[in-house]
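This report looks at a predicted model. It takes up strand pairing and then charged side-chain contacts.

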Amino acid sequence: MLARGLATAVVVVVLDQLTKAAILASLAGGAVSGRTTFFNLALTYNRGISFGLFNGSAGVNAFAFSVVAIAIVGILVYWLSRASSPLLAVAIGLIIGGAVGNVLDRVRLGAVVDFLDFHVGALHWPAFNLADSAICIGVAVMLLDGLVLRREAH
């Protein structure tokens, strides 16, 4: 299961970094690119944590959040090494890949590159990226595996 989870993490990191590089190249001026009536590509830099919380003190935040994320990744790799379910291994791999993708941004840029901007009229959900999506999907799959699938197996 370790190889499956780590392969998932590598795929997430590569795709995350490729999408961020493409956005940085195409929206370098910070312009918003309207795509639909509910979605834009909008380059933003998140120096805080989820939803822009603690978005001040860029240097301190980049270091502190990176250290915490690396510690969490270490715990997740240990958990992955003990996982017996292929679905759980993929879920943990998604979370590890998302965390590593965002840590790479913090180390290189001092902030996480976010660009997916969903909205209804003037109401905007906080911008996010592929790494954030992988983390959320990984957590949802982990909950599904732990709460539903394992219960059905017993």
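## Terms

Helices here are DSSP runs of H or I with at least four residues, and they are numbered from the N terminus. With that usage, D105 and R108 both belong to helix α3, where they are three residues apart, about one turn of the helix.

## Strand β3 and its partners

Strand β3 spans residues 112-120, and seven of its nine residues are buried, so the strand is largely enclosed by the rest of the structure. On one side of the pairing scheme is strand β2 (residues 39-46), which runs antiparallel to β3 and is joined to it over six bridges. Within this pairing, L41 is the residue that stands opposite L116 of β3.

Strand β3 also pairs with strand β4 (residues 123-124), again in the antiparallel sense and over two bridges. Here V120 has L123 of β4 as its bridge partner. The hairpin formed by β3 and β4 has two residues between the strands, and in this hairpin G121 adopts a positive phi near 60°.

## Salt bridges within helices

With the cut-off set at 4 Å between a side-chain nitrogen of Lys or Arg and a carboxyl oxygen of Asp or Glu, the count comes to three salt bridges. One of them joins the side chains of D16 and K20, with an N to O distance of 2.8 Å. Because D16 and K20 are four residues apart in helix α1 (residues 2-26), about one helical turn separates them. Both D16 and K20 are buried.

In helix α3, D105 forms a salt bridge with R108, for which the closest N and O atoms are 3.6 Å apart. The relative accessible area of D105 is 0%, and D105 is therefore buried, given that the term applies under 20%.

## A contact between helices

Which parts of the chain does the pair of K20 and D105 link? The side chains of K20 and D105 meet in a salt bridge at 2.7 Å, N to O. This pair connects distant parts of the chain, since K20 lies in helix α1 and D105 in helix α3 (residues 86-109), with their positions 85 residues apart in numbering. Both K20 and D105 are buried.

Taken together, these contacts form a network of salt bridges that links D16, K20, D105 and R108. Within the network, K20 meets D16 and also D105, while D105 in turn forms a salt bridge with R108.

Key
Residues are numbered from 1 along each chain as its sequence is written. This is a predicted model: local features need pLDDT of at least 70, side-chain atom pairs count only at pLDDT 80 or more; totals for chains, interfaces and linings use all residues. Side-chain values use heavy atoms; hydrogens and water are left out. Buried means under 20% relative accessible area, exposed over 50%, partly exposed in between (1.4 Å probe, protein chains only). Two strands pair if DSSP finds at least two bridges between them.
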